[in-house]
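Welcome! Take a moment to turn the model around on your screen, and then let us walk through a few of its parts together.

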Amino acid sequence: MKTLQELYREILEQEQEKGRDLTGEYDNYPMDCLLHPEKYAPVVAKGSCDSCGGESSCQDSCIFDAIEKIQGKIYIDPQKCTGCGACVDVCKMGRLMENREIYPVLDALCDREKEVYALIAPAFAGQYGKETTAGQLRSAFKRIGFQGMVEVAAFADILTLKEALEFDHHVQKEGDFQLTSCCCPVWIAMIRSIYQELAGHVPGAVSPMIAAGRVVKKLHPNAVTVFIGPCMAKKKEAREPDISDAVDYVLTFQEVLEFFEAVNLDPKEMQEDDREHSSRAGRIYARTSGVSEAVQMTVEQLDPEKKVKVKAEQADGVMACKKLIEKVRKGESAANFFEGMACAGGCVGGPKVLADKKEGEISVNQYGDEAKYRTPLENPYVKELLERLGFTDIMDFLENSDLLTRDFSSGTSAAV
């Protein structure tokens with residue numbers, strides 16, 4: 001079966017042989033964005049823009065200086081753009097939108113030699129209907145051609161354990177502090193590109209998305225991994241050079257909904273295919289303070305007698321994150337664990353959610369409360385998975401895992 005890229009190329013060549021150059025008659029940019037999303041930023045522009053005049057509001061909104069206006073057209077630098085979505089929110093003319101990866105995913109699903117796995121973010125609860133379960137979503141993904149669905153919350157469990165161990169090991173006295181690294185790529189990009197002097201306080205851990213992709217590929221070497229969530233920034237994170245081996249494509253909840261609608265599939269009508277892999281700690285990552293709460297619970301279980309307790313402070317929203325880092329930088333906070341989320345409310349307030357932010361938070365909390373286990377230390381699946389990956393020693397898991405470790409101190413991120 002031909003891929004969409006091959007079909008599109010053949011049509012262009014056929015018309016060129018007839019003396020008709022389609023690339024000259026039409027703006028090839030929108031189609032090229034669809035067929036080759038890896039060439040573009042997480043946010044792409046459509047059409048010319050002259051409504052704002054002078055310095056446009058989209059440019060003002062970007063703290064990473066990723067947007068330029070060239071001859072009436074908006075140019076978004078794929079190296080600098082993090083996909084935070086601030087520019088999309090302020091664009092008065094609706095000229096900015098997410099870079100869509102649905103067509104390459106369709107190609108992969110049509111290739112019978114590939115095993116395609118859906119890696120679904122913890123924020124999925126309530127997004128496809130309040131009553132839709134994880135088991136029904138798993139059945140829905142299998143129906144449309146995925147080999148299976150993996151809950152990234154299980155890998156949030158593993159990263160919670162790693163961050164808790166980091167805190168227990170490194171935060172020993174008043175004045176020590178830790179910047180969480182687990183969740184938000186915009187938060188990390190902000191630290192690495194604007195506040196590089198604080199990068200040493202970020203523990204060397206990949207995000208749950210990257211951990212999930214790497215582990216799935218280790219266990220299934222032929223796997224194609226597709227992360228599904230509410231976030232455009234994950235599209236950029238998946239392409240960063242040191243972690244680009246983990247996730248092949250990133251779709252938003254909205255892209256997947258369009259897919260379901262196109263094939264007339266309603267997840268809540270599917271049969272259950274349920275598997276219990278994640279604890280409450282991993283499931284609540286999707287809302288503001290969830291990471292802090294998960295790490296705090298796990299640290300308390302690791303060392304009930306630890307003198308320096310987790311004292312967390314959180315920020316959500318890009319500007320609020322920036323203000324929090326400024327407080328840390330100036331020593332104006334008494335906290336020792338800092339969590340930042342680029343979206344108001346956390347991932348449940350992401351730019352591509354399907355449910356109201358408050359409803360999403362309620363659903364996430366409910367799903368967390370339904371978990372059999374509170375923390376990764378109680379979760380037997382975490383123990384089993386770590387043993388399958390070859391981890392039997394705590395310090396080896398903490399420091400020497402190529403699967404789970406990332407160096408934030410050397411150089412800057414691809415977002416710079």
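Let us begin with a small piece of reasoning: the expected span of a helix is 1.5 Å times one less than its number of residues. Keep that in mind, along with the fact that you are looking at a predicted model.

How far should the 18 residues of helix 8 span? At 1.5 Å a residue, the expected value is 26 Å, and the end C-alpha atoms of helix 8 are 25 Å apart, which agrees. You can find helix 8 at residues 153–170. Is helix 8 mostly covered or not? Of its 18 residues, 15 are buried, so helix 8 is mostly covered, with buried meaning under 20% relative accessible area.

Now look for a partner of this helix. The axis of helix 8 comes within 8 Å of the axis of helix 10, which holds residues 208–219, and the two cross at roughly 110°. That angle makes helix 8 roughly perpendicular to helix 10. The crossing of helix 8 past helix 10 is right-handed. Which residues meet there? From helix 8 come Phe155, Ala156 and Leu159, and from helix 10 come Pro208, Ala211, Ala212 and Val215. Sorted by kind, the residues of this contact are seven nonpolar, no polar and no charged. A general point may help as you look at the side chains: an α-helix has 3.6 residues a turn, so residues three or four places apart point the same way.

Let us step back to the whole chain. It has 18 helices and eleven strands, and 55% of its 416 residues count as buried. Among contacts between residues at least 6 apart in sequence, 77% join residues at least 24 apart.

Two single residues let you see such sequence separations for yourself. Try Val291 in helix 14, which covers residues 290–302. Val291 counts as buried because its relative accessibility is 1%. Thr180 is 111 residues away from Val291 along the chain, yet their C-alpha atoms are separated by 8.1 Å. Not counting residues up to four places away in sequence, Val291 touches Thr180, Cys183, Tyr285, Glu339 and Met341.

Finally, visit Gly126, in the loop between strand 5 (115–120) and helix 7 (134–143). Is Gly126 buried or exposed? With a relative accessibility of 14%, Gly126 counts as buried. Its C-alpha atom is 8.8 Å from that of Glu361, 235 residues apart along the chain. Leaving aside neighbours within four places in sequence, Gly126 is in contact with Ala355 and Ser363.

Definitions and conventions. Residues are numbered from 1 along each chain as its sequence is written. This is a predicted model: local features need pLDDT of at least 70, side-chain atom pairs count only at pLDDT 80 or more; totals for chains, interfaces and linings use all residues. Side-chain values use heavy atoms; hydrogens and water are left out. Axes are lines fitted to C-alpha atoms, for helices over the stretch in contact, and angles run from 0 to 180 degrees between N-to-C directions. Helices (H or I, at least four residues) and strands (E, at least two) are DSSP runs, numbered from the N terminus. Angles under 35 degrees count as roughly parallel, over 145 as roughly antiparallel, 65 to 115 as roughly perpendicular and the rest as oblique. A crossing is left-handed if the near helix is turned anticlockwise from the far one by less than a right angle, and right-handed if clockwise. Contact means heavy atoms within 4.5 Å. Ala, Val, Leu, Ile, Met, Phe, Trp, Tyr, Cys and Pro count as nonpolar, Asp, Glu, Lys and Arg as charged, and the others, Gly among them, as polar. Buried means under 20% relative accessible area, exposed over 50%, partly exposed in between (1.4 Å probe, protein chains only).
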